[in-house]
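Good morning, and thank you for coming. I should like to take you through two kinds of side-chain contact, beginning with the charged pairs and ending with the aromatic rings.

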Amino acid sequence: MEFFNEIERQDTDLAKLKALLQIASLPTLCASINNVLTDNRDSGEIYCLWGQFSVSREEIRYGVRFALLNCPHALAWTITCHQERNRLVLHCTIDDRETSEEFAESIEDFLVDWGAGLHKALSDQVG
């Protein structure tokens with residue numbers, strides 16, 4: 001399944017976005033992520049609304065991709081900057097076409113939390 005959230009951002013600098021999207025900053029950027037247990041720059045351990053997971057971070061062309069490596073649903077999410085559309089796109093996937101309504105709602109809440117955290121962090125950078 002796929003889940004999306006978009007944030008209108010006219011002033012997002014891609015290099016600054018990538019610098020912001022670090023494993024260490026995950027709890028600050030997303031209220032659904034409680035804390036970082038270990039941070040090895042591009043991998044680590046986090047505790048989030050679904051429990052404790054190994055997480056990876058990978059820079060991609062227009063943003064960053066994170067994945068919960070030991071998640072039974074293969075949950076991964078990307079945050080990309082689409083400057084021509086003045087938007088940040090949050091895209092989350094799991095490995096099933098269908099899932100429980102409760103889990104789907106928790107993923108949607110996860111993306112809402114990401115949107116709120118990114119909006120605040122990027123606004124703080126500007127002001």
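A salt bridge, in what follows, is a side-chain nitrogen of Lys or Arg within 4 Å of a carboxyl oxygen of Asp or Glu. Please bear in mind that this is a predicted model.

By that criterion, the structure holds six salt bridges. Let me begin with the pair formed by Arg87 and Glu8, whose closest N and O atoms are 4.0 Å apart. Which parts of the chain does this pair tie together? Arg87 belongs to strand β7, residues 87-93, and Glu8 to strand β1, residues 2-8, so the bridge connects parts that are 79 residues apart in sequence. As for the surroundings of the two partners, Arg87 is partly exposed, at a relative accessible area of 27%, while Glu8 counts as exposed, at 52%. The cut-off for exposed is over 50%.

I turn next to Arg57 and Glu59. Their side chains form a salt bridge with an N to O distance of 3.2 Å. Is Arg57 buried or exposed? With 5% relative accessibility, Arg57 counts as buried. Its partner Glu59, by contrast, is partly exposed, with a relative accessible area of 41%.

A further bridge joins Glu58 and Arg65, at 3.5 Å from N to O. Here Glu58 is partly exposed, its relative accessible area being 43%, and Arg65 is likewise counted as partly exposed, at 34%. Beyond individual pairs, salt bridges with shared partners connect Lys18, Asp42, Arg57 and Glu59 in one network. The bridge between Arg57 and Glu59 was described a moment ago.

Let me now move to the aromatic side chains. A pair of aromatic rings is described by the distance of the centres and the angle of the planes. The count of aromatic pairs comes to six. How are the rings of Trp77 and Phe110 arranged? Their centres lie 5.0 Å apart and their planes stand at 85°, so this pair is edge-to-face; the cut-off for that class is over 60 degrees.

This pair, too, links distant parts of the chain: Trp77 sits in strand β6, residues 76-82, and Phe110 in helix α3, residues 101-126, with their positions 33 residues apart in sequence. Both Trp77 and Phe110 are buried.

Finally, Trp77 and Phe110 belong to a cluster linked by ring pairs, together with Trp50, Phe66, Phe103 and Trp114. That concludes the presentation, and I welcome your questions.

How values were computed. Residues numbered from 1 in each chain as written. Predicted model: local features only at pLDDT ≥ 70, side-chain atom pairs only at ≥ 80, totals over all residues. Heavy atoms only, no water. Helix = DSSP H or I, 4+ residues; strand = E, 2+ residues; numbered from the N terminus. Buried < 20%, exposed > 50% of the residue type's maximum accessible area, 1.4 Å probe, protein only. Phe/Tyr/Trp six-rings, centres within 6.5 Å; stacked < 30°, edge-to-face > 60°.
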